[in-house]
Amino acid sequence: MSRTSTLGRRGVLAGATGLALAFAFRGPESAEAAGPAALDAPSLNAPALNAYVRIGPDGTITIQAPVPEMGQGSDTSLPLILAEELDADWSRVRIATAPVRPAFDSPIFRSQFVVASLSVRGYWMPLRIAGAQARRVLLEAVAARWGVPVAELTTEPSVVVHAASGRRISYGEVAAFATVPATLPEITPAALKPVSAFRLIGRDVPRHDVPAKALGQTVFAIDVRLPGMLHATVARSPGLGARPVSHNGAELLRRPGITHVIPLDQGVAIVGERIEAVLAARRALRVQWSPGEGPAHESDAALASYLTDARDTSRSGVTAGRAGEAAQAIAAAARVHTAEFATDYVYHAQMEPLACVASITAEGVEIWDGTQWPSQVRDEAARIAGVPAERVKVNMLTMGGGFGRRAAIDTSIETVHIAKAVGRPVKVMATREDDIANAHARPMTAHRIDVGLDAEGRITGWRHRLAADLVVPILYGRGRLDAQRGVHHIVTCHANVAQYDVPATLTEHVYREHGVRTAPWRGIGAGPNAFAVEAVIDDLARQARTDPLAYRMALLRDARAKAVLQAVGEMADWGRRREGTSLGIGFARLGLPQLGESLSATVAEVALDRAHGRIRVLRLWCAADIGLAVQPRNAMRQIEGSLLWGVSSALTERLTFRDGAVQQSNFTDYEVLRASDTPEVHVRLIRSGEMPLPAGELGLGTVAPAISNAVLAATGRRLNIMPFTPERVRAALAA
Amino acid sequence: MISLTVNDRPVTVAAEPDTPLLWVLREHLGLTGTKYGCGVAACGACTVHLDGAAVRACALPASEAAGRAVTTIEGLPGGAQNPLVRAWVAVEAPQCGYCQTGQIMQAATLLARTPQPSRAEILAHMDGNLCRCASYNQIVEAIQQAARGA
Ligand code: FES
Ligand code: FES
């Protein structure tokens, strides 16, 4: 695809808009960027102080949320960061959804792109600086009007105060006369509020998006209805690269209400006036597909070959991480511990099936989308419609769950193609059956870990060989993988054991490619990798006849990690024996070392029904260090959600392929966690530092090992293939 | 043509009798608070009330609702002041929010029968309503809060 060239062009755009943090605050661009939002602003003459904020004479402060909401709460937490530095009265803040413009790019991705739990971390400085800058503009305007030095002015929520004369003036009153200087004041990090003076950040405020959601008033892409709009749905080819060769579209076109049948690159679209007619025609659609990129994939059989690859050290993989000489250390070890693990493909199962609405007119393209990558949707739509990116308006709608699936924009691209072909606005909606058939799976993985130990049982070397499908080339294009010298960061993340005191480590990735569509999936590689790593840690503790928590405590390198472990031990009352249940523990990191990692440790209390092989998770305790929590309650909810994803993927979730196609069809045979299987969850946040760190996926990786370790504690048997289905549990117990 | 009573209003829509009620509500009547999640009565996102009972609108031919009272989230008594809605907001049960209208409609029929449900009763009653964001513990809390009249 043309992803590489698109990324290249964006690179140029980002370069042209200045240095990392400067782009958000340029005057001319801010006016342009705030354009569409200004239409529904309470006051049309509210001056835009910079791209992110405008203050009306009535005191209303409108703050743009730069990324779309998908349940993570950033619609509230990001504007709150700006409001803190502006010293805004939060009750006067109105939150708007930003347009898709370079002014709102995340400095981490140089794009409006919501992945990796990095929105708060990425926008933290830009929003603080934007808030401080807006405040400074207000102060300077008041200083000039009152003829007092700026240094004598202070602020209280939405009020400028001159203590010496006892004068006070509200932000709204200032906005009525203030002018925005041609060059906005420069704010250095030193001019920002000290964290100790925060009055919004770190205290829970109600989430802005919640009331509308409880009333059914939130508009998701699937809910958009436009005058003259057609409905469409797409049958996707079973695997990457498979194309439609023939279909019975001519017959379907004779049905009332069906207007078009359109062959696409890797699918066939049915378009009509009524959704029910389109869905009925979809059921009657028959398509012959060309062979895809991979051989006809049989995932059950392939798992054995993944394991063979992971085991076969003569087959070199891509080195994803290395410290010291692990291979030599293992070769010279007094004893080597070896363990193998595997995980099945999993599906996102976001509750809103993929949907998108597009309209192409002489003015340009307008799109209503729930997407994690709005900037990419804009650029691809511009390419397809043959217009400049400035003539594409992407409305960032709330997503009915993203979890990584909506980082892939396949449905958005198809919607623009279809809108172009039919010449009318069109809504594309996947049926659940097509959503799952077109699953962009988390890769299937096989792991082989060899640990070298010296005569005293100390770890001398650790080698983790991982065989897994790829995500990077499918999400970003081949060029990105080449640029990273083949290192696949999404699949290999946290496969190393950097948190533990291990002198030599090696992580190798053996690529497996079967034409399976993949995407990031909540927690990305941490799910499978932390499972394998933390299970091995428990194996080693057992061999050393040491309590698994104490073993980890002795092996962890840093004080923050030890603090979460200590806390979770207290929360779970780790030392207390339970009747009929057992405890297991897991540890996981999240984030990029250069941006700061969040840490979590989880204890699972598990009941095992040996006869049926059924596992029930009764309770989870998780201690999490996410640095500075902007919205603690919401952060805990996000962590709880990711813990429960951990339970779901550890126990039931399983996507299989036969003859290259997904075998599951709906929630009837792809089982996600339900209410009755939900454990009690206790999350405790441990504050460290002055920087918010990733939260939304933290904890997911801790759960599968905690469950497997709890079963080990109860039975001495290791569950090493995820999910731990009853058959697999019975097999492990019988082994 | 199908004639229905939706949220106390008589309506007539030009749809085939076997059209699932879900699409009549969402696309013909614009009541998009009722969601599509699976189409096969396996997720609960489309839960509405038919004569006061919780039903899955995706699996109910619209003709079967003729002459009966259909209530959607938009017609939930009290709107924002409905005790369940208030509890949902106070607890902040929704994450992405997509499943939540179905959850509230399902929960309403529990409280109608069992004014003070236990955690186990709630989990059993809500078991057919999936929440991929896994807000289940918050849903339990919200239902209990609504039950207490808090
Ligand atoms: S959409 Fe009706 S139960 Fe899922
Ligand atoms: S809140 Fe997202 S599916 Fe329930």
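## Polar contacts between two domains

A polar contact is a pair of N or O atoms within 3.5 Å, and within protein one of the two must be able to donate a hydrogen while the other must be able to accept it. In this predicted model, seven residue pairs, with both partners at pLDDT 80 or more, are in polar contact between domain 1 of chain B and domain 2 of chain B. Across that interface the rule for salt bridges, by contrast, finds zero.

## How chain B is divided

Chain B consists of domain 1, covering residues 2–75, and domain 2, covering residues 79–148. The C-alpha centres of domain 1 of chain B and domain 2 of chain B are 21 Å apart, and the contact draws 17 residues from domain 1 of chain B and 11 residues from domain 2 of chain B.

## The surface that the domains share

Together, domain 1 of chain B and domain 2 of chain B bury about 1,100 Å² between them, and 59% of this area is on carbon and sulfur atoms. On the side of domain 1 of chain B that touches domain 2 of chain B, the strands β3 (47–50) and β4 (53–56) of chain B each contribute at least two residues. The residues on this side of domain 1 of chain B comprise eight nonpolar, seven polar and two charged ones.

## A covered helix in chain A

In chain A, helix α8, which spans residues 275–284, is mostly covered, with eight of its 10 residues buried. Among the buried residues of α8(A) are I275(A), V278(A) and L279(A), and the list also includes E276(A) and R282(A).

Conventions. Residues are numbered from 1 along each chain as its sequence is written. Chains are lettered from A and ligands numbered from 1 in the order in which they are written. This is a predicted model: local features need pLDDT of at least 70, side-chain atom pairs count only at pLDDT 80 or more; totals for chains, interfaces and linings use all residues. Side-chain values use heavy atoms; hydrogens and water are left out. Domain bounds come from an automatic or database domain assignment. Contact means heavy atoms within 4.5 Å. Buried area is the accessible area (1.4 Å probe) that two parts lose on being put together, summed over both. A salt bridge is a side-chain nitrogen of Lys or Arg within 4 Å of a carboxyl oxygen of Asp or Glu. A polar contact is a pair of N or O atoms within 3.5 Å; within protein, one must be able to donate a hydrogen and the other to accept it, and residues adjacent in sequence count only if both atoms are side-chain atoms. Helices (H or I, at least four residues) and strands (E, at least two) are DSSP runs, numbered from the N terminus. Ala, Val, Leu, Ile, Met, Phe, Trp, Tyr, Cys and Pro count as nonpolar, Asp, Glu, Lys and Arg as charged, and the others, Gly among them, as polar. Buried means under 20% relative accessible area, exposed over 50%, partly exposed in between (1.4 Å probe, protein chains only).
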